[in-house]
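This report asks how the chains of the model below are built and how they are arranged with respect to one another. The structure is shown first, and the description follows.

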4 protein chains.
Amino acid sequence: MYFSSDNASGASQKILDAILAANGGHALPYGADDWSKAAEEKVSEVFERDCAVFLVPTGTAANALSLAAFTPPYGAVFCHEDAHVMDDECGAPEFFTAGAKLVGIEGRHGKIAPDALAQTLAAYPRGLVKQVQPATLTLSQATESGTIYTVAEIAALAEQAHRKGVAVHMDGARFANALVSLNATPAQMTWQAGVDVLSLGGTKNGAIMCEAVVFFDRDRASDFLYLRKRGGHTVSKGRFLGAQMVAWLDGGHWLDLARHANAQAQALLAGLQTVPGVRLPWLPQVNEVFAVLPGKVDKALKSAGARYYDWGGRGLDESNALRNGEVLVRMVTSFATEPEDVARFVEIAKDAV
Amino acid sequence: MYFSSDNASGASQKILDAILAANGGHALPYGADDWSKAAEEKVSEVFERDCAVFLVPTGTAANALSLAAFTPPYGAVFCHEDAHVMDDECGAPEFFTAGAKLVGIEGRHGKIAPDALAQTLAAYPRGLVKQVQPATLTLSQATESGTIYTVAEIAALAEQAHRKGVAVHMDGARFANALVSLNATPAQMTWQAGVDVLSLGGTKNGAIMCEAVVFFDRDRASDFLYLRKRGGHTVSKGRFLGAQMVAWLDGGHWLDLARHANAQAQALLAGLQTVPGVRLPWLPQVNEVFAVLPGKVDKALKSAGARYYDWGGRGLDESNALRNGEVLVRMVTSFATEPEDVARFVEIAKDAV
Amino acid sequence: MYFSSDNASGASQKILDAILAANGGHALPYGADDWSKAAEEKVSEVFERDCAVFLVPTGTAANALSLAAFTPPYGAVFCHEDAHVMDDECGAPEFFTAGAKLVGIEGRHGKIAPDALAQTLAAYPRGLVKQVQPATLTLSQATESGTIYTVAEIAALAEQAHRKGVAVHMDGARFANALVSLNATPAQMTWQAGVDVLSLGGTKNGAIMCEAVVFFDRDRASDFLYLRKRGGHTVSKGRFLGAQMVAWLDGGHWLDLARHANAQAQALLAGLQTVPGVRLPWLPQVNEVFAVLPGKVDKALKSAGARYYDWGGRGLDESNALRNGEVLVRMVTSFATEPEDVARFVEIAKDAV
Amino acid sequence: MYFSSDNASGASQKILDAILAANGGHALPYGADDWSKAAEEKVSEVFERDCAVFLVPTGTAANALSLAAFTPPYGAVFCHEDAHVMDDECGAPEFFTAGAKLVGIEGRHGKIAPDALAQTLAAYPRGLVKQVQPATLTLSQATESGTIYTVAEIAALAEQAHRKGVAVHMDGARFANALVSLNATPAQMTWQAGVDVLSLGGTKNGAIMCEAVVFFDRDRASDFLYLRKRGGHTVSKGRFLGAQMVAWLDGGHWLDLARHANAQAQALLAGLQTVPGVRLPWLPQVNEVFAVLPGKVDKALKSAGARYYDWGGRGLDESNALRNGEVLVRMVTSFATEPEDVARFVEIAKDAV
């Protein structure tokens with residue numbers, strides 16, 4: 001019963017097979033290999049547009065490098081106040097941008113509120129020398145709260161940004177989970193909605209370590225090779241990244257993996273809704289379930305070896321405030337979550353009431 | 001006939017098997033997994049000392065992060081003028097140290113000359129505010145020229161450094177190749193000779209992507225976790241790094257791989273010594289052969305599809321200067337180099353004369 | 001009627017005289033001159049403690065360098081959400097710290113609320129690798145809202161910080177104004193209350209350009225000379241900084257200048273309180289008056305050439321919200337403010353009602 | 001007898017008078033004042049071209065900010081191996097560029113040799129990802145060795161740079177000294193010869209602290225205001241920089257000051273040429289004299305209180321190598337050097353032989 005994060009799972013067999021298959025013979029290093037090229041082609045095909053694609057080993061690298069490509073050292077990066085780039089990367093965006101400022105924006109359940117974005121953009125007028133200059137907006141799809149933006153919401157936020165000359169990045173660590181939940185195409189959810197650059201995350205959804213930075217306009221990627229290299233993120237045996245990315249995208253494998261993860265979250269949700277005393281403060285839209293558990297349920301689950309994340313009280317409305325020893329917890333499912341584990345988790349919760 | 005670099009090879013089967021074996025079940029992310037812990041223990045065992053070990057995906061990351069751990073932004077890093085950190089990492093050390101200065105030192109065939117180090121250290125006195133401050137010496141073992149320092153040479157350079165309060169880093173991208181060539185123990189070649197921190201390279205010697213930063217004194221590693229994290233080099237599914245490192249070290253596998261690579265270099269050397277007109281300006285000590293080829297030999301080899309690196313004229317003494325269309329080239333062998341390829345390479349060279 | 005800022009004034013005659021007096025003969029450069037040494041002694045005398053003192057030309061330099069001396073690149077700087085370092089220095093603290101994160105804390109009228117500090121410190125536990133690490137708390141005395149902390153308040157906030165291993169910086173751009181208002185000694189308002197390093201601002205209070213970074217513990221200043229030098233803030237003709245600082249502190253000149261400025265603010269306050277429709281949302285404690293002006297008063301003053309700063313609506317409680325074209329404005333007085341200008345300003349305001 | 005550096009002198013009376021004259025009344029802060037505007041106009045007039053001019057308090061700031069405006073973090077700055085930016089600014093260029101690499105180039109007596117520049121540019125081809133990318137060439141006029149480039153030499157080096165897309169910066173800490181020595185116009189020595197941006201130094205030639213960064217193409221200065229601000233180099237009472245720059249340039253005052261300094265160097269040279277045993281390894285072209293002194297002459301001068309700089313043996317040809325206790329020293333004259341001091345210096349030297 002391992003629901004602490006989707007990166008606690010291993011890799012899909014298909015991706016491991018691809019790594020093995022890529023092993024024979026020699027290949028050019030540093031991303032000049034055929035697998036990396038095939039990955040760029042495959043991404044371009046899936047996104048229905050010629051993209052510049054750069055593979056890196058971690059999601060933090062993908063995010064920080066993407067932001068650095070669009071943000072000068074004296075720039076502002078606008079993000080949700082609970083975003084991964086803000087809270088969970090130990091200052092990587094500040095490091096890679098050489099000191100840009102991340103400006104947190106409010107919004108319920110992990111989603112930037114359009115009004116709050118407007119106010120923030122107004123507070124950072126271009127040309128006011130004493131302040132950092134507006135540069136980049138980053139949207140997490142799915143969000144840290146397991147929610148997703150609709151295509152129309154992305155487009156509206158991106159339009160606000162573009163009107164002020166601000167570029168739009170999408171942190172897609174759980175991109176596939178959002179995509180299948182939204183039933184949109186990759187193109188609709190990104191460049192057609194105004195996204196300029198995407199961190200496309202494979203690791204949380206079945207890869208061993210593989211993320212892609214996807215530029216939807218090649219011209220803006222002109223110096224990315226140098227940024228990646230000096231960041232130490234140009235893997236010498238690039239074939240082992242390329243092979244993962246191709247296998248992940250090929251034949252809709254990525255979507256299958258994400259559908260399984262999301263379905264397990266829905267199963268967990270359905271089960272928890274039958275447990276008296278458990279409250280669901282907001283509904284999961286991808287592979288993350290947030291629930292308020294009575295103290296004894298929490299205790300019983302932990303005693304049984306279940307793993308999940310204590311979320312403090314972040315994101316709870318007053319009407320949902322914690323009472324009498326309740327805890328707000330996050331459970332994440334993955335491509336590898338077994339239905340039996342979900343069922344057992346629910347069973348233990350029920351028994352504890 | 002692929003001799004361009006050892007990173008053009010894939011991975012050893014044993015390492016791939018270890019990746020597959022590590023795949024089942026769940027594991028804690030970000031290096032808290034059992035495989036990463038086992039890697040730390042294995043490294044400590046092999047180096048006969050309790051070490052703090054941090055796995056990262058690339059050699060540039062290992063080097064730049066190591067240097068950043070010992071060098072303040074206003075510091076000087078002393079290295080050979082042709083070192084990888086100086087010439088081949090697109091400024092990664094400057095980036096990770098927030099602007100330290102790399103000071104190149106002369107020396108034949110890739111090795112820092114003791115006198116030149118003494119002069120350089122004298123030119124950077126501590127406390128002279130207008131200059132960057134002496135911080136770190138980095139030695140490449142093996143060097144970029146395929147040569148190695150003896151244990152005594154390492155100790156003598158390290159002693160010079162320590163006397164001035166300068167820490168010693170070793171870039172061990174080809175550490176195993178040097179080790180088997182020198183017939184020393186890992187301990188002798190590092191901490192017993194004065195090395196404070198080591199980039200231990202697995203990738204060029206059989207891993208898919210796996211390097212370890214090894215601190216021989218835990219106290220000096222106190223903030224490395226943060227440096228690695230904000231550099232985007234903390235891999236979430238750490239088990240896939242840990243598994244590689246353990247498999248690589250286990251049962252002397254790393255030494256076997258390195259012995260094969262070195263032996264192929266010696267075979268190539270022996271073959272080339274029989275080709276009229278080919279000159280060996282200095283002798284290979286690991287898995288890299290540098291040779292001066294007559295123009296027609298070079299042409300014939302390239303026509304036959306052989307791949308290797310044109311080295312310009314770097315490192316040639318006047319007595320060995322290029323004449324009449326000769327070229328200085330570098331050939332690198334690896335764990336995967338097939339003896340048939342070496343033989344064929346030599347055959348073509350002979351036929352071309 | 002120039003109330004836009006205290007840096008719109010020139011310098012005091014005594015300081016100009018000191019610059020002239022320092023001009024004759026030769027002097028050692030880069031802060032090794034006798035005037036810089038005298039400044040260090042004078043500061044130490046005034047603060048009743050042996051201090052390490054470094055002169056720099058601007059307040060942004062003093063703040064950013066001070067923070068950099070205590071904050072690693074992966075560190076967090078805690079400050080009021082409206083602090084100068086947060087909003088008015090174009091990212092200088094992020095630049096000088098090589099990418100640390102400034103974390104804004106709430107509090108009425110520019111002062112960090114103790115509870116809010118406690119919550120923030122709790123949210124940044126030491127050792128949680130995914131987050132930046134707690135490093136420095138910075139307090140502005142006086143604040144951006146023209147208010148001041150009492151000595152007890154400073155001590156209480158500093159104690160919270162120190163308990164977590166967090167150093168305490170004071171941004172004293174208007175230190176003298178706060179000091180005379182509080183009727184405390186320099187020692188009481190700083191190191192005796194737990195301040196580790198101070199930006200002591202001369203420029204806003206009568207100097208042409210002169211700020212001092214004051215370390216109350218010499219040991220913590222060990223690498224400041226390098227930070228200052230590579231920041232380009234080591235003035236070669238240091239005598240011209242040293243002479244200003246000595247003249248400013250000598251014979252209580254700095255306090256006289258500050259008393260005049262504060263008194264003019266009180267006069268302005270008293271005058272405005274007699275103008276119908278003008279509201280004072282909070283009371284000035286130093287040389288800054290914040291007032292809500294009816295639209296027609298604002299218009300009349302501007303037509304008459306008065307200069308002051310439109311403050312948006314920042315800091316207003318709901319009970320004081322702007323109504324019917326009112327504007328919240330900031331007026332700053334200085335050592336050079338003439339009483340006639342204050343009187344005329346009030347007169348025009350009255351006439352406009 | 002103070003010949004250690006020209007920054008050991010105070011300021012010219014005309015410049016001090018200008019500071020006093022600028023003191024009255026109020027002025028807009030942060031460079032928006034009338035004096036800063038007048039300085040921009042005056043520089044534009046003197047250089048016969050519309051220039052974007054930014055005043056800063058130190059030469060290190062002027063150099064580092066100029067380089068940062070043209071050099072990306074992954075860029076190379078080409079300079080003479082003994083340049084001030086390389087050796088005397090504690091890594092400021094690396095800091096302000098966020099980690100660019102300074103590449104030293106050889107050349108006699110402080111001047112970059114055209115052949116050496118060509119070789120270096122060839123060694124840094126654009127697009128070779130593993131290396132830093134060619135960005136900026138910086139020429140010191142006058143050089144650290146007291147020599148100057150002719151206009152034709154500047155033009156030839158700049159042309160080499162521009163052909164490779166490399167911008168040209170001039171470090172003009174002693175610009176006026178070079179100008180009067182060369183008998184060229186400011187325009188001829190800069191933009192007409194291909195210089196893109198200039199550090200125009202007032203401090204070493206009569207100002208208290210005032211340097212200008214001069215862009216000869218406004219379009220390339222678009223983000224300089226932010227770089228200067230976050231560097232802490234935007235002086236709030238900008239009038240005191242503007243007034244210095246205007247007074248310095250006005251009526252040829254800067255040239256008069258420089259002519260005096262240069263003339264004193266020539267007088268010192270003429271005097272030393274009459275002292276048996278003193279050798280002049282190269283001839284001074286501005287206000288710096290380099291001489292090889294017999295040990296006893298050196299001792300006698302120091303005993304008499306003369307101050308100058310021991311230069312090690314840097315820059316000496318073999319034919320001029322130091323013998324029997326000789327020392328190579330640098331003497332710098334300034335606008336304030338008194339002829340009597342020069343005469344006395346020579347007298348003591350003579351007596352010592």
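The text below takes up the fold of one chain, then a sheet, and then the relations between chains.

The model is a predicted one. Chain A contains 14 helices and ten strands. With a radius of gyration of 20 Å, close to the 20 Å that the globule rule gives for 353 residues, chain A is as compact as a globular protein of that length. Its C-alpha trace spans about 60 × 55 × 30 Å along the principal axes, and buried residues account for 63% of the 353 residues in chain A. When contacts in chain A between residues at least 6 apart in sequence are considered, 78% of them join residues at least 24 apart.

The sheet is described here in chain C, where seven strands form an open sheet with mixed pairing, in the order β1-β7-β6-β5-β4-β2-β3. Its edges are formed by β1 (52-56) and β3 (101-105) of chain C, each of which pairs on one side only. On average, and with direction ignored, neighbouring strands of this sheet are turned by 20° against each other. At one of these edges, β1(C) pairs with strand β7 (residues 211-215) of chain C in the antiparallel sense, over five bridges, and within β7(C) it is Ala212(C) that serves as the bridge partner of Leu55(C). Helix α6 (residues 114-123) of chain C lies across β2 (75-80), β3 and β4 (133-140) of chain C, and runs at about 145° to β3(C).

Turning to the contact between chains A and B, 38 residues of chain A are in contact with 38 residues of chain B. The elements that give two or more residues to the side of chain A that touches chain B are α1 (13-21), α3 (59-70), α5 (92-96) and α10 (224-230) of chain A. The composition of that side by class is tabulated here.

| Class | Side of chain A that touches chain B |
|---|---|
| Nonpolar | 19 residues |
| Polar | 15 residues |
| Charged | four residues |

Which relation links chain D to chain B? Chain D can be laid on chain B with an RMSD of 0.0 Å by a turn of 180° and a shift of 0.0 Å along the axis, which is the relation of a two-fold axis. Among the residues of chain D, Gly99(D) comes closest to the rotation axis, with its C-alpha at 2.2 Å. The same surface serves both copies, since 100% of the contact residues of chain D recur in chain B.

Technical notes. Residues numbered from 1 in each chain as written. Chains lettered and ligands numbered in written order. Predicted model: local features only at pLDDT ≥ 70, side-chain atom pairs only at ≥ 80, totals over all residues. Least-squares fit on C-alpha atoms with pLDDT ≥ 70 in both. Contact = placed C-beta atoms within 7 Å. Helix = DSSP H or I, 4+ residues; strand = E, 2+ residues; numbered from the N terminus. Nonpolar A, V, L, I, M, F, W, Y, C, P; charged D, E, K, R; others polar. Rg over C-alpha atoms; globule rule 2.2 N^0.38 Å. Buried ≥ 20, exposed ≤ 12 C-beta atoms within 10 Å, placed from the backbone. Pairing = 2+ DSSP bridges. Axes fitted to C-alpha atoms, helices over the stretch in contact; angles between N-to-C directions.
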